[in-house]
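Welcome! Here are some exercises to work through with the model open beside you. Try each one before reading its solution.

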Amino acid sequence: MKDYKILIADDDETLCYLLKEELVNEGYNVDVVYDGKDAIENLKKKQYDVLLLDLEMREVHGEKVLNYVNDNHPSTQVIVLTAKSDIRTAIDCIKQGAYDFITKPYEFGQLCVTIERAIEHKNLILRNKILSSKVQAFQTNIIGESDSIKEVIRLAERAAKSDSNILLEGETGTGKELFAEFIHKNSNRADKPFVAINCASLPDQLIESELFGYEKGAFTDAKTSKQGLVEIANGGTLFLDEIGELSLTLQPKLLRFLENGEFRRIGGITNLSSSVRVIGATNKNLMEEAEKKNFRRDLLFRLNVITLKIPPLRERQNDVLLLAEYFLQKKSPIRATKKLSEEAKKELMRYNFPGNVRELEHMIERAIIFSDGDIIYPRDLNIPKDDFDFTNFVKDDGTIMTLEEVEKIHIKKALDAFKWNRENTARALGISQKTLYSKIIKYKLK
């Protein structure tokens, strides 16, 4: 099954019938219309790989259909079907964007070769589009053509030219670290270090020593002095991921560093200095956290001189298939790139991706591994079902489970699903590893 869609637009009903039969036998999905008006209506409803277009049709001429395709579906390849007397018009159509033309009567074998070449051309355009998106992102993996992601890229480019601290807001898996790297590579600090630390992955004592370093003898195992990340990143960029998880004990020390660039190593008595640009990232609303006294307001104001909000994938629907194709190219073995079936594409477009781009990446990687053959079908994607069985949360005595009881069950199932890998489980649940660890202790999970 080739799994490509073809639309035939020709007012010769007998020819259309025979041609459709032949193409279906070749494994193509084929629709037929007999007028240019109906062709445009079909193109509004479906995405086609190839349009076989007769020029002389009732009501709407083939050239108008071609113009509509060029304006609205530029990746659809148009093959013009024309009589020998209209070759000049067919050549003009190629100048206007048609892929090729075939004169009637034509050999079916010749037509199939032209269709296959047109599909290859379309796939090449898609690959080039992915590569151009990568180049636009200066070799980061920010892939996207939607207006929302383009706007954030534009703002990030402008923000990069300043030395101001930046706060990146967005849900888990939206690509905040990629934007931090993008900002660094487009800044005046690009030739200096880019240093990242996840504030949720380490306990307070380790985060402090990682950030500010320590002197020899500061604690039992401190047999030598150690530079902190703020020193290592001097002149460059320090990226603080999940900064909303930073404890109230460490927040004043970070605030002091942001105010004057000075810090002390653990166990030290001398003030040191470092010039870094700090980029923080969070999936929390830090203003709400400040209202709850979980985050210092003065630290927030130091961090969010510039705030960029990274849109979730559900607000970038036009990028879903582009990203999926990128991950297929990236994750597939060399010279064995798999393809998404039309049904799989539809399922991806329907899904809202609570785990955002990271979830899509993992979904495609899993599908590549477990799919049979070169085509990925919906079953291979293993997209979670959205049907909710309320009876699962009713106890034997008829009472409803509390939220804590439901949470305990859900976390336990997630841990088991990821074989107790806390990093992957926390990512899937949309919480920090620190929060996950506290839940494991609270619910005494084993």
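**Exercise 1.** Which helices are included in what covers the buried residues of H17?

*Solution.* A word on the ground rules: this is a predicted model, in which local features need pLDDT of at least 70 and side-chain atom pairs count only at pLDDT 80 or more, while totals for chains, interfaces and linings use all residues. Residues are numbered from 1 along each chain as its sequence is written, and side-chain values use heavy atoms, with hydrogens and water left out.

Step 1. Find helix H17, residues 403-417. Helices (H or I, at least four residues) and strands (E, at least two) are DSSP runs, numbered from the N terminus.

Step 2. Pick out Ile411, Ala414 and Leu415, which are buried in H17. Buried means under 20% relative accessible area, exposed over 50%, and partly exposed in between (1.4 Å probe, protein chains only).

Step 3. Look at what covers them: the cover includes helix H18 (422-429) and helix H19 (433-443).

Step 4. Check the geometry. The buried residues of H17 cover an arc of only 100° around the axis, which puts them on the same side of the helix; the arc is that of the directions from the helix axis to the C-beta atoms. On the other side of H17, Lys413 and Ala417 are exposed.

Step 5. Move just past H17, where Lys419 has a positive phi of about 55°.

**Exercise 2.** Describe helix H1 from its start to the residue that follows it.

*Solution.* Step 1. At the start of H1, a side-chain oxygen of Asp12 comes to within 3.3 Å of the backbone nitrogen of Thr14. This is a polar contact, meaning a pair of N or O atoms within 3.5 Å; within protein, one must be able to donate a hydrogen and the other to accept it, and residues adjacent in sequence count only if both atoms are side-chain atoms.

Step 2. Cys16, Leu19 and Leu23 are buried in H1. Seen down the axis, the buried residues fall within an arc of 70°, so they line one face of H1.

Step 3. Thr14, Tyr17 and Asn25 are exposed on the other side of H1.

Step 4. Just after H1, Gly27 takes a positive phi of about 100°.

**Exercise 3.** Is Asp319 buried or exposed, and which residue's backbone nitrogen does its side chain reach?

*Solution.* Step 1. Locate Asp319 in the loop between strand E12 (306-309) and helix H13 (320-331).

Step 2. Asp319 is buried, because its relative accessible area is 0%.

Step 3. The Asp319 side chain reaches the backbone nitrogen of Glu145 at 2.7 Å.

Step 4. Leaving aside neighbours within four places in sequence, Asp319 is in contact (heavy atoms within 4.5 Å) with Gly144, Glu145, Ser146 and Ile149.

**Exercise 4.** Which residues have the most contacts inside the largest nonpolar core?

*Solution.* Step 1. A nonpolar core is a set of buried Ala, Val, Leu, Ile, Met, Phe, Trp, Tyr and Cys residues joined through side-chain atoms within 4.5 Å.

Step 2. The largest has 27 residues, and Leu238, Leu240, Phe257 and Val278 have the most contacts inside it.

Step 3. Elements giving two or more residues to this core include strand E8 (237-241) and helix H10 (251-260). H10 gives the most, with four residues.

Step 4. Not counting residues up to four places away in sequence, Phe257 touches several residues, among them Phe212, Val230 and Val278.

Step 5. Finally, a second, separate core of 23 residues includes Leu348, Tyr351, Phe353 and Ala367.

How values were computed:
Expected span 1.5 Å × (residues − 1).
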